[in-house]
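Welcome! Here are a few short exercises to help you find your way around a new structure. Try each task yourself before reading its solution.

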Amino acid sequence: MLISKIYGLQGGRAGHELYVLMIYPGILLVCWGPTLIVQTLMQFGIESNDMLVDIVLLLVNMQGFFDALVYGKSIKNVVSDSIRSCLKNEVSTEEESLFGPQISDKRSLGMNVTDTYSILSEHSEAELHNVTKTL
Amino acid sequence: MCLWILSIRIQLKFIPSNKIKSLHVDIFSSFNSTMFTNIPFNIQAEEPYREMVYFPLQLSSLIPVLISAIAITIVILLSLIFKLYRRPFSLMVLAINIAHFLFHYTKLDVLVFPPYSDLHCRVFSIPIIFGLQSAAAWSALFAHAFLIIITNPSSCDTLLPLMIKKYYMPLGVLLPSVSGIMSFFTRHFVYSETKGTCIHLIYADHMDIPFFVYMYSNWISLHWQYCLV
């Protein structure tokens, strides 16, 4: 349902949104699926070796890492944006000291990175807005 | 009569194995057996069981937990530093990570406070079950919110914050809290004298009802997400 909608909105391109939406259930399945299967089999009296139990528990414990990796990707963009804006600020301060105070006025009009952040990329949001307008 | 009703016995005729002739659905298996001394709920005591160590004490076994904990901490710190929680979607991502934070840091707690009693393990089970269920619930709600935004993009700043307050918070926080508190009474984790840590007991030929109840949220979440996607 969602895939077809996003596909339709983005003209057949799958964006970061789809990646997040698809991968989280995938992580849940990979991390908790084996545990559920192994524990259910144990309850039916089927023996399992220690190695298998250890692997299954390892997957359960790695869920947080995988999730952080998936959602961290969007946060990475914010951090890189803010670093870029910091570097820009430094450059503009240097320019300001060279060319005068008028540049600082322009800079003050720039938007803060944290205010514009969304889980949807800016590009996707704009596309989404345009497509819904035409619809 | 009441006790008889509580002791549900399901005959598994569809399983051909001789080993699995009957399956005892023992609702009160996890309650304190001393409360039910005259009723056949503690039949598990004589049955063979398997110990699942959910709180390993060795550092080598805690490496995956440590990796997860570090990754989650970084994400949470960045979310807080850059104030990403102002956006509804980012707030939900933060909620998922806070749930994971509780789950993983409780596991790491054994390094600082090694378990010493049943009560200790039962207290540990509260944040573990809460974290597990809350993360699953929030991820499903994330997918739901995404569907709403896709169908109605203008509702991101108006409808979504309201929905988070009205519906998502009870589903993502309140229900897992109830489950977490319930896990304290159902003795999901017990203290093992031999292993010196908290374990989960799995009995052969017995259905582990609390385990399936706690896991059920994950599968509802998974099913919901796949339905949406």
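Helices and strands here are DSSP runs, with at least four residues for a helix and at least two for a strand, numbered from the N terminus. Keep in mind that this is a predicted model.

**Exercise 1. Find how many helices and strands chain B has, and their order.**

Step 1: Count the elements. Chain B holds six helices and six strands.

Step 2: Walk from the N terminus. The order in chain B is α-β-β-β-α-α-α-α-β-β-β-α.

Step 3: Add the packing. Of the 229 residues in chain B, 38% are buried. Take the contacts of chain B between residues at least 6 apart in sequence: 75% of them join residues at least 24 apart.

**Exercise 2. Describe how helices α3 and α4 of chain B are arranged.**

Step 1: Locate the helices. In chain B, α3 covers residues 88–112 and α4 covers residues 118–151.

Step 2: Look at the axes. The axes of α3(B) and α4(B) come within 8 Å and cross at roughly 160°.

Step 3: Name the arrangement. Angles over 145 degrees count as roughly antiparallel, so α3(B) is roughly antiparallel to α4(B).

Step 4: Give the hand. The crossing of α3(B) past α4(B) is left-handed.

Step 5: Sort the contact residues by class. Where α3(B) meets α4(B), there are 18 nonpolar residues, five polar ones and no charged ones.

**Exercise 3. Do the same survey for chain A: what are its elements, and what share of its residues is buried?**

Step 1: Count again. Chain A has seven helices and zero strands, giving the order α-α-α-α-α-α-α from the N terminus.

Step 2: Check burial. Of the 135 residues in chain A, 27% are buried.

Step 3: Check the contacts. Among those of chain A between residues at least 6 apart in sequence, 62% link residues at least 24 apart.

**Exercise 4. Decide where chain A calls for careful reading: where is its confidence lowest?**

Step 1: Start with the average. The mean pLDDT of chain A is 67, and 50% of its residues score at least 70.

Step 2: Find the extremes. Confidence in chain A is lowest in helix α6 (residues 113–116), with a mean of 40, and highest in helix α3 (residues 50–61), at 89.

Step 3: Mark the weak stretches. Over residues 102–128 of chain A the pLDDT stays under 50, and the model has 36 contacts beyond four places in sequence for them. Residues 131–135 of chain A are also below 50, with two contacts beyond near neighbours in sequence.

Step 4: Draw the lesson. Where pLDDT is low, the predicted coordinates should not be read in detail.

Conventions:
Residues are numbered from 1 along each chain as its sequence is written. Chains are lettered from A and ligands numbered from 1 in the order in which they are written. This is a predicted model: local features need pLDDT of at least 70, side-chain atom pairs count only at pLDDT 80 or more; totals for chains, interfaces and linings use all residues. pLDDT is the predictor's confidence in each residue, from 0 to 100. Two residues are in contact if their C-beta atoms, placed from the backbone, lie within 7 Å. Axes are lines fitted to C-alpha atoms, for helices over the stretch in contact, and angles run from 0 to 180 degrees between N-to-C directions. Angles under 35 degrees count as roughly parallel, over 145 as roughly antiparallel, 65 to 115 as roughly perpendicular and the rest as oblique. A crossing is left-handed if the near helix is turned anticlockwise from the far one by less than a right angle, and right-handed if clockwise. Ala, Val, Leu, Ile, Met, Phe, Trp, Tyr, Cys and Pro count as nonpolar, Asp, Glu, Lys and Arg as charged, and the others, Gly among them, as polar. A residue is buried if 20 or more other C-beta atoms lie within 10 Å of its own, exposed if 12 or fewer, and partly exposed in between; C-beta atoms are placed from the backbone.
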